[in-house]
Amino acid sequence: MLRPLALTDMGAAAQVHRIAFDHAMPWFVGRRTPDQDRWFYRELVFPACRVWGHFDGARVHAG
């Protein structure tokens with residue numbers, strides 16, 4: 001199921017972003033911490049954007 005993400009989905013969205021980012025640009029792996037990724041989504045992305053996610057049941061699907 002595809003639906004807009006809620007702020008409660010922020011951690012999962014940040015994790016999916018990190019997995020994709022690290023895969024696409026491996027030379028940047030480790031430059032940001034998971035806390036920094038969550039901050040980015042909580043403070044910058046979610047207030048300004050509608051973010052959609054693909055869900056496998058209640059969990060954001062990363063693939």
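**Salt bridges, rings and core**

Colleague: Starting with Asp9: buried or exposed?

Modeller: Asp9 counts as buried, at 11% relative accessibility. For the cut-offs, buried is under 20% relative accessible area, exposed is over 50%, and partly exposed is in between, with a 1.4 Å probe and protein chains only.

Colleague: What kind of model is this, and how are residues numbered?

Modeller: It's a predicted model, so local features need pLDDT of at least 70 and side-chain atom pairs count only at pLDDT 80 or more, while totals for chains, interfaces and linings use all residues. Residues are numbered from 1 along each chain as its sequence is written, and side-chain values use heavy atoms, with hydrogens and water left out.

Colleague: OK. Which residue forms a salt bridge with Asp9?

Modeller: Arg3 does, with the closest N and O atoms 3.1 Å apart. The term covers a side-chain nitrogen of Lys or Arg within 4 Å of a carboxyl oxygen of Asp or Glu. Arg3 is partly exposed, with a relative accessible area of 26%.

Colleague: And where does Arg3 lie relative to Phe55?

Modeller: Over the face of the Phe55 ring, at 3.9 Å from the ring centre. For that call, CZ of Arg or NZ of Lys has to be within 6 Å of the ring centre and within 35 degrees of the ring normal.

Colleague: Where's Phe55 itself, and is it buried or exposed?

Modeller: Phe55 is in strand S2, residues 52-56, and at 4% relative accessibility it counts as buried. Strands (E, at least two residues) and helices (H or I, at least four) are DSSP runs numbered from the N terminus. Between the C-alpha atoms of Phe55 and Ala24 there are 22 Å, with their positions 31 residues apart along the chain.

Colleague: Back to charges. How many salt bridges are there in the whole structure?

Modeller: The search finds five. One of them is Asp22 with Arg18, the closest N and O atoms being 3.1 Å apart. Both residues lie in helix H1 (residues 10-24), four residues apart, which is about one turn of the helix.

Colleague: Which residues are linked with those two in a network?

Modeller: Arg18, Asp22 and Asp37 are linked in a network of salt bridges. Asp37 lies in helix H2, residues 34-48.

Colleague: What's the polar contact between Arg18 and Asp37?

Modeller: Their side chains are joined by one of 2.7 Å. A polar contact is a pair of N or O atoms within 3.5 Å; within protein, one must be able to donate a hydrogen and the other to accept it, and residues adjacent in sequence count only if both atoms are side-chain atoms. Asp37 is buried at 8% relative accessible area, and Arg18 is buried at 15%.

Colleague: What else does Asp37 touch?

Modeller: Leaving out residues up to four places away in sequence, Asp37 touches Ala14, Arg18 and Arg32; contact is heavy atoms within 4.5 Å. Under that same sequence filter, Arg32 touches Arg18 and Asp37.

Colleague: Where is Arg32?

Modeller: In the loop between H1 and H2. The C-alpha atoms of Arg32 and Gly53, 21 residues apart along the chain, are 22 Å apart.

Colleague: Which residue does Arg42 form a salt bridge with?

Modeller: Glu43, with closest N and O atoms 3.1 Å apart. Arg42 is partly exposed at 35%, and Glu43 is partly exposed at 40%.

Colleague: Switching to rings: how many aromatic pairs?

Modeller: Four turn up in the whole structure. Phe40 and Tyr41 have ring centres 5.6 Å apart and planes at 80°, so that pair is edge-to-face. Rings of Phe, Tyr and Trp (its six-membered ring) pair if their centres lie within 6.5 Å, with planes under 30 degrees apart counted as stacked, over 60 as edge-to-face and the rest as tilted. Tyr41 is buried at 10%, whereas Phe40 is partly exposed at 35%.

Colleague: Which residues form an aromatic cluster?

Modeller: Phe21, Trp27 and Phe28 form one.

Colleague: Last topic. Which residues are in the largest nonpolar core?

Modeller: Nine of them: Leu5, Met10, Ala13, Ala14, Tyr41, Val45, Phe46, Val51 and Phe55. H1 and H2 are the elements that give two or more residues to this core. A nonpolar core is a set of buried Ala, Val, Leu, Ile, Met, Phe, Trp, Tyr and Cys residues joined through side-chain atoms within 4.5 Å.

Colleague: What does Phe46 touch?

Modeller: Not counting residues up to four places away in sequence, Phe46 touches Leu5, Ala6, Leu7, Met10, Ala13 and Tyr41.
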